[in-house]
Each structure stands twice: as structure tokens, then as C-alpha cells.
Amino acid sequence: MEVKAVIFDLDNTLFDCMPSEIAAFGAAKKVMLELGLDPKLVPKIDSLYKTTPFLGIVNEMKDAVPENILDAGYKTYSSAGVGDDIKPFPDVVETLKGLKVIKILVTYGDEKIQWEKINKLGLAGFFDEIYVFNSLESGKTKKDVFAHMLEKLKLEPEEVVVVGDQLFSEIRHGNDLGMHTVQMLHGRHSKSKP
Ligand SMILES: [Mg+2]
């Protein structure tokens, strides 16, 4: 079946988000230590961070660390700003210009910050649809958003390709719905295997 739409993830798919992520992670640890996080737990948190989204760390550590400390860490992490010098990966603009199908951007996180990234990268104009949502506040996952897109645009799952870097998010959710998926090997999830 012919491909009619491509759904792109933003962070570590269309641009290198790692410098901002590493700075945000450092800021979150600093806040948690100031609130009384046991420094002996830092190596465990560092090692989890290599493979786990921050929210996964919060879940993993909730028996060992008081909730207010984890909350403050998550808030700091998810609200850290982005640099002014962020740029799309090479080829991204050319690829988007050349793609003659429906192009959709789906990204979650702090809505204001995700929009700030899209605007600083100058990418908004290349997409037919842009979905920015806060998964924590809305309780939605990318699967919910993808399913909504299929309905709205009257597309079959096999007509859609999902491009992203996170196996546990867009790749898994795209596969669950029967879409084609392409994993970008950028960022800290690049070593994870299906
Ligand atoms: Mg990503």
C-alpha cells in the first residue's frame, strides 16, 4: 500500500537534543540533592538515565526517594529551556521539502518548550499537522495521538510511516497500531534494540 503520511518525532529525530538534555539532567540532580536526595543514589540515577526516560527514573526510584524530591527533579528536567543555537540535523530540511506526502510532527513534553524548539529550528512551516502535548498532564501517549490522526485524516495504519528515536514511545506505539516505523539512531536511545 502506498505511503500517504509520515509522522515525525522531534527530539533526537529532527535535531540533536542531547546538549539540552544533559544540561537539564544536571540541573534536576542539583535540585534533588539540595532537597535532600541521598548522594549515594546518584550513581543509580545516572545509570538509569542511560536507558530510561526521566519519568521512568521517577517510577523506578519512588520507593527510595521521597515524592517531593522526585517531583521537583521532574519539573526541573521537563521545564529546562533550549539553547538559541539549536539546528536541525543535516538533510532534515531537504528531506522535509522533498517529501510529497502529509507530514505530521508529534512531540510531547512541556508544551511551551516544545514549541520554542520548533520555532527556533524553523520547522513549523514544513508540516501539515503539528501535535504538541504534555503526556504527564493529559495522560495521553503517542498511541492516542496517532490513533486520533488516523481517524482525522482518514488514513489506514499501513499508509503511515513513523520516524522516531524512542523504541518505547513512537516506535512501539506505531508498531502496535500497524504503522511502518523507522528508528533514528541519534541520542541516548540509539543503542537500544527492539
Ligand atoms: Mg525523540
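Buried residues account for 28% of the 194 residues in the protein, where a residue counts as buried if 20 or more other C-beta atoms lie within 10 Å of its own, as exposed if 12 or fewer do, and as partly exposed in between, with C-beta atoms placed from the backbone. The model is predicted: local features need pLDDT of at least 70, side-chain atom pairs count only at pLDDT 80 or more, and totals for chains, interfaces and linings use all residues. Residues are numbered from 1 along each chain as its sequence is written.

**Exercise 1.** State how many helices and strands the protein has, and give their pattern.

*Solution.* Start with the counts: the protein has nine helices and five strands. Helices (H or I, at least four residues) and strands (E, at least two) are DSSP runs, numbered from the N terminus. Then read along the sequence: the pattern is β-α-α-α-α-α-β-α-β-α-α-β-α-β.

**Exercise 2.** Describe the sheet, beginning with its strand order.

*Solution.* Step one: the five strands form an open sheet in the order 3-2-1-4-5, with parallel pairing. Two strands pair if DSSP finds at least two bridges between them. Step two: strand 3 (129-133) and strand 5 (180-183) are the edge strands, each pairing on one side only. Step three: from one strand to the next, the twist averages 20°. Axes are lines fitted to C-alpha atoms, for helices over the stretch in contact, and angles run from 0 to 180 degrees between N-to-C directions.

**Exercise 3.** Find what joins strand 4 to strand 5, and which helix lies across them.

*Solution.* Strand 4 (residues 160-164) runs parallel to strand 5 and is joined to strand 5 by four bridges. Within strand 5, His180 is the bridge partner of Val161. Helix 9 (residues 167-177) lies across both strand 4 and strand 5, and runs at about 170° to strand 4.

**Exercise 4.** Decide whether Asp144 is buried, exposed or partly exposed.

*Solution.* Locate the residue: Asp144 belongs to helix 8 (residues 142-153). Then take the count: 14 other C-beta atoms lie within 10 Å, so Asp144 is partly exposed. As for a distance, the C-alpha atoms of Asp144 and His173 are separated by 8.7 Å, while the two residues are 29 residues apart along the chain.

**Exercise 5.** Compare the radius of gyration with that of a compact globule.

*Solution.* The radius of gyration is taken over C-alpha atoms, and the globule rule is 2.2 Å times the number of residues to the power 0.38. For 194 residues, a compact globule would have a radius of gyration near 16 Å; the protein has 17 Å, which agrees.

Note on methods:
Two residues are in contact if their C-beta atoms, placed from the backbone, lie within 7 Å.
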